[in-house]
Amino acid sequence: MTDARKKERAAAPAMNAGLVETAIRRHVDHRANLLIPEAAVRYRSGTHVDWKGAAHPQFSDYRADFMLVTKAGYGTELEVKVSRGDWKADLAKPKWAAMPEWITRFIYVVPADLDIPEFVPPSAGVWHVLPDRMRRQYPTPHEVVDGLCIQVVRAPHVLGREKVPQPVIDRWMQSFYYRYWDQRTHVFARVPQAIREGVV
């Protein structure tokens, strides 16, 4: 590792999932894409045979850290990882054998110091989260860390070619709506009554 890279790592904030998510929100163009956090993804996990001998599909769900849906309607799953152990464990999940066809791309978003381990599937894209360095001119030119940015280090392969069905997007948006108001209510309840009512 070069001296410059060591200095950059030393200057970077201790990375956690919240900081990675902040970098994602900063990187994605919200005017051209939907970015849905904690999106429920339903996939076919097997077949059930009833007492008459008829086969019925079985479905399971998992929660994607983020689903990015382009204006054209194609979906990319963004998975946040902040440790190699957690990253490796993700590959043992059943979703890898049965992702729906409307997940057209899959990307891991990780701190830059995790690099790209050999166990990461070649079809998965990788985004690195780095300190965002800005050059200040006054009083003298110097660099400062101004938040976090994302560097695309490996583009994902195309996994499927279907668009995300509108009913799926509608369910995500409805869930997002209710989570928003639940969080607002929870935060509001924690504010002292005197502040809520403008007494102080």
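Start by selecting Tyr177, which you'll find in helix α5. Keep in mind as you go that this is a predicted model. Tyr177 is partly exposed, at 46% relative accessible area. Now add Tyr178, Tyr180 and Trp181 to the selection: with Tyr177 they make up a nonpolar patch on the surface, and together the four have about 470 Å² of accessible area.

Stay here and show the rings. Searching the whole structure turns up eight aromatic pairs. In one of them, Tyr177 and Tyr178, the ring centres are 5.2 Å apart and the planes sit at 75°; an angle over 60 degrees counts as edge-to-face, so that is what this pair is. Tyr180 and Trp181 make another edge-to-face pair, with 5.0 Å from centre to centre and 80° between the planes.

How exposed are the other members of the patch? Tyr178 has 48% relative accessibility, Tyr180 has 39% and Trp181 has a relative accessible area of 40%. Buried would need a value under 20% and exposed one over 50%, so Tyr178, Tyr180 and Trp181 each count as partly exposed.

**Zoom out for a moment**

Colour by secondary structure. The chain has six helices and six strands, and from the N terminus the order is α-α-β-β-β-α-α-β-β-β-α-α. There are 200 residues, of which 32% count as buried. Among contacts with a separation of 6 or more, 58% are between residues 24 or more positions apart. Switch on the surface and you have about 12,700 Å² accessible, with 54% of that belonging to carbon and sulfur atoms.

**Into the core**

In soluble globular proteins, nonpolar side chains tend to be buried together. Which residues touch the most other members of the largest nonpolar core? Select Trp87, Trp102 and Trp172: those are the ones, in a core of 24 residues. Elements that each supply at least two residues of this core are β1 (33-49), β2 (55-70), β4 (103-111) and α5 (166-190). A separate core of 15 residues lies apart from it; to pick that one out, try Val20, Ile24, Val80 and Val129, which are among its members.

Back to Trp87. Ignoring neighbours within four places in sequence, its contacts are Lys81, Tyr108, Val110, Leu114, Asp115, Ile116, Pro117, Phe119, Val120 and Val126. Show the aromatic side chains here too: Trp87, Trp96, Phe106, Tyr108 and Phe119 form one aromatic cluster.

**A stop on β3**

Phe106 from that cluster also turns up beside the next stop, Thr76. Thr76 belongs to strand β3 (residues 75-80). Is Thr76 buried or exposed? Its relative accessible area is 9%, and anything under 20% is buried, so Thr76 is buried. Beyond its neighbours within four places in sequence, Thr76 contacts Phe66, Met67, Leu68, Thr104, Arg105, Phe106 and Ile107.

**Two backbone oddities to finish**

Most residues other than glycine have a negative phi. Asp115, one of the contacts of Trp87, has a positive phi near 55°; look for Asp115 in the loop between β4 and β5 (125-136). Then jump to Glu38, where phi is also positive, near 50°. Glu38 is placed in strand β1 and is partly exposed, with a relative accessible area of 41%.

Methods: Residues are numbered from 1 along each chain as its sequence is written. This is a predicted model: local features need pLDDT of at least 70, side-chain atom pairs count only at pLDDT 80 or more; totals for chains, interfaces and linings use all residues. Side-chain values use heavy atoms; hydrogens and water are left out. Rings of Phe, Tyr and Trp (its six-membered ring) pair if their centres lie within 6.5 Å; planes under 30 degrees apart count as stacked, over 60 as edge-to-face and the rest as tilted. Buried means under 20% relative accessible area, exposed over 50%, partly exposed in between (1.4 Å probe, protein chains only). A nonpolar core is a set of buried Ala, Val, Leu, Ile, Met, Phe, Trp, Tyr and Cys residues joined through side-chain atoms within 4.5 Å. Helices (H or I, at least four residues) and strands (E, at least two) are DSSP runs, numbered from the N terminus. Contact means heavy atoms within 4.5 Å. Patches are made of residues with over 30% relative accessible area and no salt bridge: like charges are joined within 9 Å, nonpolar side chains (Val, Leu, Ile, Met, Phe, Trp, Tyr) within 5 Å. Accessible areas come from the Shrake-Rupley method with a 1.4 Å probe; for residues, only the protein chains shown count as cover. A salt bridge is a side-chain nitrogen of Lys or Arg within 4 Å of a carboxyl oxygen of Asp or Glu.
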